[in-house]
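Here are a few exercises to work through with the model open beside you. Try each task before you read its solution.

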Amino acid sequence: MALGASAVAGLGGIGKTELAVQAVHAAVGRGWFGGGVLAIDLHGASLAPDTAERTGDRCAFPAALSVLGNALWQVRQFGEAITAYTDAIALYRGLGDRHSEGPVLSNLGIALAELRQIEEAITAYQQSLAICRELGDRHGEGNSLLSLGLALATVGRFQDAIVAAQAAMKIFAEVGDPHSEATARQVLEQLHRSVNGQ
């Protein structure tokens, strides 16, 4: 298979093209990409472990895996996205990088829910929630609670889902995010309708 890679936008000479080539090889090597166009925004991350060692950026490889997971999720390759997220989480845990681990756990939950692996999604959301609370990330806590509530409702745990959605709505109000607060309110109203059989 012939591979072509291109990197655009950014400073010259910092290895964007090499990173793009490595991302394509990683995707093909894992069976995640059979051809065509694969767009990956790596936000300046370095994919190769040896490049990470040269630059001292040990978080670059898990960051690249996380972004790859996002790209795979967008093209509905949920199983492959789960693998990328799981690998990124393991690497972040090894580095002790809780700030990065939490959002990837949330993304993992979303991908698991897409494959109807709801109990596993609930576990991922609970882990993300615990990290957000540990770090004092109130907005992340609200997002994790709302996602957790939706997953709990999927398995019929409506009262727990309502508690989670109410807590999320309160947090979004406290942090001044009216859009997310309105979303949480809509979810809460739908949950109440489900409980009341409407």
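**Exercise 1: Two loop arginines**

Arg76 is exposed, with a relative accessible area of 57% (exposed means over 50%, buried under 20% and partly exposed in between, using a 1.4 Å probe and protein chains only). Before going on, note that this is a predicted model, where local features need pLDDT of at least 70, side-chain atom pairs count only at pLDDT 80 or more, and totals for chains, interfaces and linings use all residues. Residues are numbered from 1 along each chain as its sequence is written, and side-chain values use heavy atoms, with hydrogens and water left out.

Task: Find where Arg76 sits and work out what its phi is near.

Solution:
- Start with the place: Arg76 is in the loop between helix 3 (60–74) and helix 4. Helices here are DSSP runs (H or I, at least four residues), as strands are (E, at least two), numbered from the N terminus.
- Now the backbone: phi of Arg76 is near 65 degrees, which is positive in a residue other than glycine.
- Then look at Arg116, in the loop between helix 5 and helix 6. Its phi is also positive, near 65 degrees, and Arg116 isn't glycine.
- Last, accessibility: Arg116 counts as exposed because its relative accessible area is 60%.

**Exercise 2: The overall layout**

Task: Say how many helices and strands the chain has, and what share of its residues is buried.

Solution:
- Count the elements: there are 9 helices and 0 strands. Read from the N terminus, that gives α-α-α-α-α-α-α-α-α.
- Check burial: of the 198 residues in the chain, 40% are buried.
- Look at contacts (heavy atoms within 4.5 Å): among those between residues at least 6 apart in sequence, 49% join residues at least 24 apart.

**Exercise 3: Helix 4 against helix 5**

Task: Decide how helix 4 and helix 5 are oriented: roughly parallel or roughly antiparallel?

Solution:
- Get the geometry: the axes of helix 4 (residues 78–95) and helix 5 come within 9 Å and cross at roughly 160 degrees. That makes helix 4 roughly antiparallel to helix 5. For the cut-offs, under 35 degrees is roughly parallel, over 145 roughly antiparallel, 65 to 115 roughly perpendicular and the rest oblique. The axes are lines fitted to C-alpha atoms, for helices over the stretch in contact, with angles from 0 to 180 degrees between N-to-C directions.
- Add the hand: this crossing of helix 4 and helix 5 is left-handed, that is, the near helix is turned anticlockwise from the far one by less than a right angle (clockwise would be right-handed).
- Pick out the contact residues: helix 4 brings Phe78, Ile82 and Tyr85, among others, while the helix 5 side includes Val104, Leu105 and Leu108.
- Sort them by class: the contact of helix 4 with helix 5 has 11 nonpolar, 3 polar and 3 charged residues. Ala, Val, Leu, Ile, Met, Phe, Trp, Tyr, Cys and Pro count as nonpolar, Asp, Glu, Lys and Arg as charged, and the others, Gly among them, as polar.

**Exercise 4: Charged pairs**

Task: Which side chain does Glu134 meet in a salt bridge?

Solution:
- Recall the idea: side chains of opposite charge can pair when their charged atoms come close. The cut-off for a salt bridge is a side-chain nitrogen of Lys or Arg within 4 Å of a carboxyl oxygen of Asp or Glu.
- Find the partner: Glu134 meets Arg98, at 2.7 Å from N to O. The pair links distant parts of the chain, with Glu134 in helix 6 (residues 118–135) and Arg98 in helix 5 (residues 98–114), 36 residues apart.
- Widen the view: Arg93, Arg98, Glu101 and Glu134 are linked in a network of salt bridges.
- Try another pair: Arg185 and Glu181 form a salt bridge, their closest N and O atoms 3.3 Å apart. Both lie in helix 9 (residues 178–195), 4 residues apart, about one turn of the helix. Glu181 is buried at 19%, whereas Arg185 is partly exposed at 36%.

**Exercise 5: A buried leucine**

Task: Which residues does Leu145 touch, leaving out those up to four places away in sequence?

Solution:
- Place Leu145: it lies in helix 7, and it is buried, with a relative accessible area of 5%.
- List the neighbours: Leu145 touches Leu129, Arg133, Ala164, Ala167, Ala168 and Ile171.
- Take one of them: Ala167 is 22 residues from Leu145 in sequence and 7.1 Å away in space, C-alpha to C-alpha.
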